[in-house]
Amino acid sequence: KSNSATPVQVSAAQLVLDNAKLALRTAQLALQKRSIITPIGGTVGLFQVTPGNYVNAQTAVTTINDTSTVLVSFAVPERYSSAIKLGTPLTASAVALPGQSITGTVSAIDNKVDAVSRTLEIQGSIPNPKGELRAGMSFSVQLDFPGQQLPAVDPLAIQWSAKGAYVWKYADGKIHQTMVSIIQRNSDGVLVQGALVAGDTVVTQGVQQLADGQGVRLLDDKGVAAADAPGAPPKPDAAPAGQGGRPANADGQGGRPAGQKPSNPAAAQP
């Protein structure tokens with residue numbers, strides 16, 4: 001009423017205010033201890049605690065997964081270790097998503113090869129914008145590496161001599177014996193290494209009648225020489241690889257150019 005207070009009253013009021021501030025800070029600290037904040041954004045999993053459980057710093061309450069990008073760990077044989085680089089494309093397929101292929105890149109490479117399994121640990125990064133992939137899924141991962149480019153010839157074109165395997169190559173109206181090394185046999189052709197490139201014409205039938213440097217004329221599918229066909233100009237009916245066509249043959253029955261399947265038969269007559 002007198003708008004005045006003694007120093008004792010002021011000190012008492014200040015003490016009450018300080019105690020209130022202390023109680024507020026104590027309540028705020030207790031609230032922080034009861035709040036769990038994740039350092040990342042993501043999807044919350046099932047809770048592993050219930051109200052009333054004692055929780056300390058080591059207690060697992062739940063899991064948070066940021067699946068916007070999925071990391072896949074896998075191992076590759078050590079012979080491919082020098083071919084894998086950061087950013088190498090990969091293709092993954094999840095067991096839970098049959099028939100779907102997902103592209104990603106290599107995001108991490110271990111610095112050593114496992115001494116027991118002789119494999120190198122790789123980590124791939126796969127985008128997951130739709131959230132279809134989940135942590136813990138199993139994947140099949142495929143890495144593609146560039147292989148050696150080799151010409152393919154018909155198995156019938158491969159002949160043998162005391163020096164090894166060879167083929168008869170047609171060029172400029174003549175045939176030449178060309179030595180080759182067989183690299184791999186497939187159901188539709190033989191991969192060879194030698195003085196051959198894709199598109200070279202080789203003989204597949206009648207090879208026993210030929211001699212190195214012998215001149216031949218190409219025949220059409222009716223066995224008529226192209227130069228003798230009525231109204232036709234004197235030019236062979238053979239095409240290099242990539243254009244269809246078949247290589248020269250000595251008996252008029254057709255063959256196959258290196259690296260191609262048979263089409264538009266053409267033959268040769270000695």
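Visitor: What makes up the secondary structure of the protein chain, by helix and strand?
Guide: In this predicted model, the protein chain holds one helix and 16 strands. A run of H or I counts as a helix at four residues or more, and a run of E counts as a strand at two or more. Strand β8, at residues 152-153, therefore qualifies as a strand.

Visitor: How do you know that β8 is paired with β12?
Guide: Pairing requires at least two bridges between the strands. Two bridges join β8 to β12 (residues 189-194), so the requirement is met, and the strands run antiparallel. Within this pairing, Val-153 stands opposite Val-190 of β12.

Visitor: What makes β11 a partner of β12?
Guide: Against the requirement of at least two bridges, β11 (residues 174-186) and β12 have six, so they count as paired, in the antiparallel sense. Ile-182 has Val-192 in β12 as its bridge partner. A hairpin of two residues joins β11 to β12.

Visitor: Which strands does β5 pair with, and how many bridges support each pairing?
Guide: Strand β5 (residues 102-113) is joined to β4 (residues 89-94) by four bridges and to β6 (residues 119-127) by five. Each count satisfies the minimum of two, so β5 is paired with β4 and with β6. Both pairings are antiparallel. Leu-90 is bridged to Gly-104 in β5, while Ala-108 stands opposite Gln-123 in β6.

Visitor: Where does Arg-118 lie, and what is its phi?
Guide: Arg-118 is placed in the loop between β5 and β6. These two strands form a hairpin with five residues between them. The phi of Arg-118 is near 55°, a positive value in a residue other than glycine. Most residues other than glycine have a negative phi.

Visitor: Why is Arg-118 called partly exposed?
Guide: Its relative accessible area is 38%. Buried means under 20% and exposed means over 50%, so the value for Arg-118 falls in between and the residue is partly exposed.

Visitor: Why is Asn-3 called exposed?
Guide: The relative accessibility of Asn-3 is 81%. The cut-off for exposed is over 50%, so Asn-3 belongs to that class. Asn-3 is found in the segment before α1 (7-33), and its phi is also positive, near 55°.

Visitor: How many residues does the protein chain have, and what share of them is buried?
Guide: The protein chain has 270 residues, of which 28% count as buried. Each residue in that share therefore has a relative accessible area under 20%. The chain exposes about 17,600 Å², with carbon and sulfur atoms supplying 53% of that area.

Visitor: What makes up the lining of the largest pocket, by class?
Guide: The lining divides into three nonpolar, six polar and one charged residue. Arg counts as charged, so Arg-134 is assigned to that class. Gly counts as polar, so Gly-45 and Gly-131 are assigned there. Val, Leu and Ala count as nonpolar, hence the assignment of Val-44, Leu-133 and Ala-135. About 190 Å³ of space lies in this pocket.

Visitor: How is the lining of the second largest pocket divided by class?
Guide: The lining has six nonpolar, two polar and no charged residues. Ile, Val and Phe count as nonpolar, so Ile-36, Val-61 and Phe-47 are among the nonpolar lining residues. Thr-38 and Thr-62 also line this pocket, which holds about 160 Å³ of space.

Terms used: Residues are numbered from 1 along each chain as its sequence is written. This is a predicted model: local features need pLDDT of at least 70, side-chain atom pairs count only at pLDDT 80 or more; totals for chains, interfaces and linings use all residues. Side-chain values use heavy atoms; hydrogens and water are left out. On a 1 Å grid over the protein atoms alone, a cavity is a set of points where a 1.4 Å probe fits but cannot get out, and a pocket is an open set with protein on both sides within 12 Å along at least five of seven lines; lining residues have an atom within 4 Å of a point. Grid points are joined across faces, edges and corners, and a volume is the space filled by probe spheres set on the points. Buried means under 20% relative accessible area, exposed over 50%, partly exposed in between (1.4 Å probe, protein chains only). Accessible areas come from the Shrake-Rupley method with a 1.4 Å probe; for residues, only the protein chains shown count as cover.
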